[in-house]
Amino acid sequence: MNLTLVTTLWRQRLTSPVRMAILAMLSLMPLLGVAFMPGAGLALLGGAQGLILTLGAGMIGQDLSSGVLQLLFARRLRRPEYVVSRWLGVGAAAAVISLLQLAIACALLAGRGAVPTAQDILMFGGGRVLESFGGAAVLAFFSSLIGGFGDLGIYLLVNLGAGIVQMAGQVKQWLWLARAGAEISAALTPTIDLVRLVTVTPMPWYPIVSYASTVVLCLALAIVVVNRRELSYASG
Amino acid sequence: MPPVEPVASPSGSTRARPTVLLVAALALMVARVVTGIYEERHPTSVPDLVRWQPIEGAEAASREQKRPVLYDFTADWCLPCRAMQREVFGDPESAQEIERVFLPVRVLDRMREEGGNAPEVDSLQRRFRVSTFPTLVVVPHGGGDPVVIVGYRGKESTIQRLRAAQMEGLLPRAMRPPGGAVRGR
Amino acid sequence: MSGIQVEGLSKTYRRGLAGERVHALVDVSLTIAPGEAFGIIGPNGAGKTTFLGCLLGLLRPDAGRITIDGHAPDDLAIRAVTGYLPERLVLDRWMTGREFLAYHHALAGQPAAGRREEVEGALERVGLGGEAGQRAIRRYSRGMLQRLGLAQAMLGQPRYLFLDEPASGVDPAGVVLFRRLLSELRQKGVTVILNSHQLDQVERVCDRVAFVKAGRVEAIETVAAGAAHARVLRVRAADAAIGTRVTREQLAALAVSAGAALTGIDPPEARFTVADDAGAARLLQTLIGAGVPVAEATPEESRLERLFLDAPTDARTKGSA
C-alpha cells in the first residue's frame, strides 16, 4: 500500500470534470428521490456499482496505455503495491461517497420524520462499503487486462454474458447453468447481504467466503497480470 | 543462453509473485465451493413468523372464522420460496397482517426428497393445478373462485397481490372481475 | 558499485497477433563500468530503446542476463538508485510541474522533510524555476517537458542515469544546460547511459559509445570525452599544389608549427588532425602564410558518423569491449 499513489489517484479523479459530473449525478439523483418521493427509504439509494465504475474506469488500463507506467515502474515501487494502491484508492473513494450519501439520506428522512433504524443504517452502510471494495477489486482485474477504458467494456460484456447464461439455464431448466450465470453476475459486484447474515440462524458462511474469494482472486490475478506486463512502445 | 534468474537480493524484486494472495485465493475458492454445497444441502432455517395451520379442516375453519384460506405451495429446494419465506413471512408486519386476514396453510412438496407426497398435498396440488413453486392460492370463505398467485416477484408485489386477492374475495359474486384480479382461474 | 554487466542478451517481439518475429536484440554483451558515461547510437529500429527497457527491468529478456551492481535490473535495491528519462515522455498532464516532482520525490522514497526545497532546487537546475513550476503539465512546451523529465530522472541522487534521447525537442540553450548537468553528474561519479541521435553530443559527453544495428552491437568506440573537439580537416590546395610544389615534409612541418598534425596526403588534398576550431584556424593561417594556395578546407565526418555510413569492416571490434 503506497499512500502517495492512493492520494494521487484521488486528486486525479477530482480533476476530471467528466467523472465528477457523473459522480454528482449518481449521488444526487437518488437523494432527490429520497427527499421528495413519499414512502421512499434507504433502498432507493441503490448499489455502489455506478460509483465504482465512474471512479475506477481505467484505473490500471489508462496508466498502461498512456505510458505513465514507464516512469512509475522505473521507480522504487513494487508492482503489487501499485495494484493494491489503485484498488484501495477506488474502493475507499466509493465507500466514502456512499457513506456521505447515506448520511444525507438519513438527514432528509429525519426531516420527514421517517428516520431509518440504527440497524438499517448499519446494514446499508456496511453493505455499501463492502460492495465498494469488492467491486473495485473486480474492476482492477479487468483494468489490468486491457488498456484505456477497456475495463468498462469487459464489465459490460461479462454482465451481458452472465445474464444470457442465466436465462438459458432457466429456459432449459438446467439449474446448474442458471446458478452459474447468477453467480458470475453477482461476482461482478461482490457484496455481502448483511441483513441475511444476521437474521438467519445458524450464520451462513457462504456469503462471507464467496465475497473474500472473489476479492482475493481478482487482486491476485491483477497483480500477476501487471507483473508480467512488458512496458515498451518502440521497436528500436 | 537460457535466461538465468539472478539471486534475489534482500530487498526483493519489484515483480515478486504474490504467493500469499494466490494461495489464499485458491484456499478461498475451495472453501467457497465446499460451503456452497454444504449450505445448499443444509438450508439454514429462516425465521417464519406465520403460524401455519394444518391442511385438515382448514377450509371448514375458514368458513367458520370468515377468513379466506391462504395456501402456500412451496418446496425446500425452491430458492424463490425461501426468499419469500424470509422477506414476507419472516417480516413481523406482513406476517401479522397475513395471520389476521387469512387462514394460512403451508403445503410442502416432498416429491424430490421422498419421491411422493401425502395424499392431501397431492390432491391440493392437482385441484389448483400447481406446477411451479412458489404458488399462493387464496380460497375465499364465502365460496367462490380461488385466486392463484404464481411466482415470487418481491415483497411489495406479493403483499399487494395478496391484498387484491383478499378484496376480491370480499366482493359479492356479481361484482367480481372476470377471471380474477390476478392470474385467476 | 560494480557497474552493469550484460551477457548474451536477446529479445524478440512478435509484431501484432500473427505477425513476423522481430529480433530486437541479438546476443548483446557488454560491460559498463561504474562512473562511466556510455553512449548508445544506431539507426532507427536498431533496438536501442529495447536495450534500455531491458536494462531498466521494464522488459524481460528472452535470453541472457543483466546485472546492475550484482542485482537483477528489476530489483528494488536498483530501482532506488536509478533515474530514467524515457524517449516518449508521458507525464501526468493534470499535475503542475511542482506537484509532479513532489510526487516522484515521494515515490523515490525520499523523506518529506525538505521535499519542497529539493523540488524547487530541481526545477531551478533545469531552468523551470518560478512560474513554470506552477503551470499544469498539459500546458508545457516540448522543451519544458524534457527539462521536467530530466529533473525527475535526477531526483533522489541516482547512481545510474538512463537517458533516452534527452535533448529531443530541446532548444540549444537547453542542450547546453543538459550537457552541463550531465558533466556535473559525471563528476559526482554517476554512471550515465545515453541513447541519442545527436552524435556530437554523444561524442562530447561519453567515454565509450556502442553502435547498435539490427539488434547487435556492431562496435564499441572509445571516445576521448571532455577533450576538446578534435577533428580531421581536409585541405585542398589550388593548382594541385599539394604533392608537387608543396611536399609532404613541408606540410608536416607547417602543421606541427601550428599545433596540428598531418595524417596523410591524398593529392590534391591533405588531411590534418586539429585540436579544435582555434587550431583549425591557426593551421589554415600558417598554411596560407607559407604560400600554400588553400582553396577549400572541410571537416571530415566524425568517427561516429562513419559508423553509420560504412559497412562493417574487419577493423571493427565486435562484441564486448
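This report describes one helix of chain A, then the cysteines and a sheet of chain C, in a predicted model.

Residues are numbered from 1 along each chain as its sequence is written, and chains are lettered from A in the order in which they are written. Local features need pLDDT of at least 70 and side-chain atom pairs count only at pLDDT 80 or more, while totals for chains, interfaces and linings use all residues, and side-chain values use heavy atoms, with hydrogens and water left out.

**Helix α8 of chain A**

Helices (H or I, at least four residues) and strands (E, at least two) are DSSP runs, numbered from the N terminus. Helix α8(A) covers residues 150–171, 22 residues in total, and spans 31 Å from its first C-alpha to its last. That is close to the expected 32 Å, where the expectation is 1.5 Å times one less than the number of residues.

Buried means under 20% relative accessible area, exposed over 50%, and partly exposed in between (1.4 Å probe, protein chains only). The buried residues of α8(A) are A:Gly150, A:Asp151, A:Ile154, A:Tyr155, A:Ala162 and A:Gly169. They lie on the same side of α8(A) because they cover an arc of only 145° around the axis, taken from the directions from the helix axis to the C-beta atoms. These buried residues pack against α3 (49–56), α7 (118–145) and α9 (175–188) of chain A, with contact meaning heavy atoms within 4.5 Å. The face turned away from the buried side carries exposed residues, including A:Leu156, A:Ile164 and A:Met167. After α8(A) comes A:Gln173, with a positive phi near 60°.

**Cysteines**

A disulfide is a pair of cysteine sulfur atoms within 2.5 Å, and the search of the whole structure finds zero over all chains. Two cysteines of chain C are listed below.

| Cysteine | Nearest cysteine sulfur | Relative accessible area |
|---|---|---|
| C:Cys54 | C:Cys206, 20 Å | 1%, buried |
| C:Cys206 | C:Cys54, 20 Å | 0%, buried |

**Sheet of chain C**

Six strands form an open sheet with mixed pairing, in the order β5-β6-β7-β3-β8-β9 (chain C). Two strands pair if DSSP finds at least two bridges between them. The edge strands, β5 (82–85) and β9 (216–222) of chain C, each pair on one side only. Strands β3 (residues 37–41) and β7 (residues 191–195) of chain C run parallel and are joined by four bridges. Within this pair, C:Phe38 stands opposite C:Ile193.

Helix α1 (residues 48–55) of chain C lies across β3, β6 (160–164), β7 and β8 (208–213) of chain C, at about 155° to β6(C). Axes are lines fitted to C-alpha atoms, for helices over the stretch in contact, and angles run from 0 to 180 degrees between N-to-C directions.
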